[in-house]
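Biologist: Could you walk me through how the labels on this one are earned? I'd like to see the rule behind each word.
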Amino acid sequence: MGGSSERKSYDGVVACVPVTIPYRRYSTNGAHWWIGQALHTLTKRAGLRAKDIDGFSLASFTAGPDTAIGLTQHFGLSPRWLDHVPLGGASGVVALRRAARAVQAGDADFVACVGADTNQVDSFRRMLSTFSRFAQDAVYPYGSGGPNASFALITKNYMNTYGARREDFGKICVAQRDNANTFPYALMKKKLTLDDYMSARAISDPIHLFDCVMPCAGAEAFLVCREASAKSLGLPAVRLLSTIERHNAFPEDPIQIRGGWAADVDDLWAMAGVGPSDVDFVETYDDYPVISMLQFEDLGFCKKGEGPDFVRSHTLTNDGSFPHNTSGGQLSVGQAGAAGGHLGLVEAMRQLTGTALGSPVHDAEIGLVSGFGMINYDRGLASGAAVLARAA
Amino acid sequence: MTEPLKRPKRKNPLKKTRLPLSPQGIRSRTAHGLTAAAAQGRFALQVCADCGTVLYPPRDACPSCLSPRLPYKDVDPRGTLVVETTVRISTDPYFRERTPWRVGTVKLDAGPMLVAHLHGDAVEGGRVRAELKLDRSGAPVVIALPEKDTPNMADDPQLRELTCDPKFRRVLITNGRTAAGQAMAKAFSEAGASIVFVGIADPWKPFPGMDALRGIERVEIVPLDLTDTESVTELAEQNGGRVDIVVNTAEHVRAGGIVERHGLTIAREELDVRYLGLMRLAQAFGPAMRARGADGVNSATAFVNLLSVHALANWPVYGAHSATEAACLSAAQCLRAELRPGGVKVLNVFFGPLETEWFQQVPPPKVAPSQLAKAVIDALKKGIEDVFVGDVAEDIRARLAVNPKALERELGS
């Protein structure tokens with residue numbers, strides 16, 4: 001696939017003010033509370049008032065019956081640009097690229113991008129059964145294993161096809177746990193060994209306990225504005241070198257072995273003006289380690305099918321040869337619904353602005369963030385990626 | 001290899017009966033095309049009328065050409081099981097009780113990928129055939145079976161969850177005086193039912209076939225008169241907790257329409273035997289059956305209505321009879337909704353004139369009672385909801401689908 005016309009740069013636009021509202025396993029609060037907290041913290045840290053926020057982008061599964069428009073009144077916002085991004089794990093990257101264009105075009109000056117969800121007892125199960133029409137008609141009634149079962153099929157097929165072993169996925173999970181151990185907001189901090197990983201209970205073969213993310217409540221947010229505005233407010237910021245998004249790519253693949261990144265990866269690096277070897281760390285969307293492995297391949301770090309070897313030949317911790325999911329990712333921090341699609345992005349902003357909350361990646365100047373989401377039927381439909389750089 | 005089912009032990013009356021749960025049964029309106037196919041045991045998917053693409057999951061526009069013309073058609077059910085998983089942790093209470101549960105992705109030769117339940121003998125990488133079944137919520141699901149039959153395959157726990165197989169189940173046949181009732185008793189005994197209760201009103205009155213009926217293995221004659229509420233209630237009190245399949249073989253067939261018939265005596269009798277008989281039976285046995293829908297190997301599983309196909313379109317030669325049968329059909333639809341929460345299916349068996357004395361003047365083709373019995377057993381083993389037996393029934397079904405008004409005129413001339 002790839003783009004048919006030249007992509008315009010994001011010159012003059014930055015992302016700043018990375019915000020995380022600390023996650024909780026279960027919350028008695030609704031999504032509105034979490035979104036409100038994120039906006040509150042974001043404006044406070046940015047030194048802005050609510051009425052300065054003239055662009056609002058929301059990603060949330062649990063804000064229903066409200067959508068972004070209803071929430072403008074709830075939070076007293078009067079934005080001139082509004083977006084609701086129901087793309088799950090791809091929502092962070094997609095929110096960023098849309099907001100960047102709005103700012104660049106002058107449609108908005110300050111866009112607050114928020115991904116937030118609550119998690120109440122039994123809300124996860126209720127969401128699964130009605131997640132999509134295809135899920136309702138043709139997936140959930142089959143054992144009701146939820147995403148564990150769907151990703152089990154993708155993982156098993158990948159193992160059959162490319163010879164990946166459970167140990168390879170284990171290495172990804174163990175390294176992320178190591179990274180999480182210094183990250184204050186990670187819900188899972190107990191040291192994880194490869195033995196622990198291998199001997200964990202089976203959930204849906206070959207998925208075992210530590211392949212799964214834990215649903216929780218939480219919020220992530222950031223601000224998109226002009227570089228000059230960030231400077232005048234004294235906000236450390238990151239530049240966007242390039243972004244891509246692609247949905248329902250490769251429908252002809254019988255089982256998902258690649259994501260939409262593979263369709264646009266050449267554009268991604270060409271627009272960024274750098275290559276895979278230039279990035280200092282990578283934040284993949286990790287609901288199930290096989291998906292991180294697909295991203296290593298599809299984003300150009302190795303060829304298709306070489307994911308297992310790539311993992312075997314690298315150390316994936318923050319001090320390693322390939323720092324990956326530097327806050328611990330969703331596998332260790334938790335999956336706060338649509339906030340999970342913002343987790344890697346917010347963490348990348350911290351790493352690039354020298355404000356890492358956990359262990360920093362040494363001299364990080366360029367980072368890659370990617371997103372993936374929405375298992376509608378048998379595969380994830382949405383994908384996106386962004387190359388970010390420390391602003392001068 | 002499927003482990004053959006073990007005969008269930010006698011139930012410990014002190015133990016709690018496992019209550020029936022249902023898997024998620026909500027479907028989009030478009031997906032109910034699958035329900036219609038599954039109810040009749042067909043494997044039909046949407047096939048684009050413009051470009052021929054076979055679609056799954058059900059859609060409202062073709063993903064190849066965006067055409068909205070997407071009728072359900074029978075398609076080749078063969079394919080390959082590409083990949084499987086065993087769900088060990090489920091979010092749904094129904095499946096939590098039944099894990100480990102195998103599911104997989106089937107690439108149909110006809111094109112689409114199906115997420116499917118897996119029979120134990122369906123292996124990853126192997127050839128399979130897909131079938132549409134109704135699950136315990138009455139909703140359509142796909143199960144992948146091994147391409148060729150394997151020993152004891154009906155005993156597979158995931159398959160048996162979707163069928164009403166009589167093996168090791170206890171059956172009540174409501175009237176053993178009729179040829180159909182007797183054929184049914186024989187067929188259920190041969191199908192492995194553990195007890196075949198056969199109702200006889202006034203058992204002291206001899207009837208043709210009585211000795212042969214008593215000679216059938218595992219048949220137990222019980223007093224039952226469907227026109228007598230007390231008789232029905234009494235039997236339910238004694239045996240209601242151990243009847244897993246009810247087959248209503250009550251018959252009342254008289255020729256004649258409405259205008260030429262004087263008085264209401266026969267019509268009343270017809271309604272009393274057939275319609276009110278069905279209500280008495282359902283009221284007496286329905287509650288216990290619905291509560292016992294998940295009660296192990298011999299859980300309550302089906303309520304079988306034998307209906308004249310003329311319940312669907314009146315045949316004035318037997319016009320009053322047709323009307324009574326239509327009442328029974330309507331009641332069966334209600335019963336279906338009422339028993340569904342227990343996972344108990346209502347099987348409607350539509351048949352043309354039987355090879356009995358009451359259709360003496362009717363020319364062939366007619367349905368032999370043994371053919372009717374075989375159709376009931378087959379339908380229960382498949383777990384389907386509507387079955388048409390014999391050439392007349394098939395003919396009526398086909399003509400109804402094309403032009404019900406033409407059928408009405410033709411039956412009336």
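Modeller: Sure, take helix α7 (residues 265–291) of chain B and helix α8 (residues 319–339) of chain B: their axes come within 9 Å and cross at roughly 10°. This is a predicted model, where local features need pLDDT of at least 70 and side-chain atom pairs count only at 80 or more, while totals for chains, interfaces and linings use all residues. Residues are numbered from 1 along each chain as its sequence is written, with chains lettered from A and ligands numbered from 1 in the order in which they are written.

Biologist: What makes α7(B) roughly parallel to α8(B)?
Modeller: Angles under 35 degrees count as roughly parallel. The axes of α7(B) and α8(B) cross at roughly 10°, so the pair is called roughly parallel.

Biologist: Which residues of α7(B) and α8(B) make the contact?
Modeller: Contact means C-beta atoms, placed from the backbone, within 7 Å. Among them are B:I266 and B:L278 of α7(B), plus B:A320 and B:L335 of α8(B).

Biologist: Over in chain A, how do you know that the span of helix α6 (residues 147–162) agrees with what it should be?
Modeller: The rule is 1.5 Å times one less than the number of residues. For the 16 residues of α6(A) that gives 22 Å, and the end C-alpha atoms are 22 Å apart, so they agree.

Biologist: And why is α6(A) called largely enclosed?
Modeller: Buried means 20 or more other C-beta atoms, placed from the backbone, within 10 Å of a residue's own. Twelve of its 16 residues are buried, so that's the verdict. A:F151 and A:L153 are among them, and the cover includes β10 (366–375) of chain A and β4 (78–87) of chain B.

Conventions. Axes fitted to C-alpha atoms, helices over the stretch in contact; angles between N-to-C directions. Helix = DSSP H or I, 4+ residues; strand = E, 2+ residues; numbered from the N terminus. Parallel < 35°, antiparallel > 145°, perpendicular 65-115°, else oblique. Contact = placed C-beta atoms within 7 Å.
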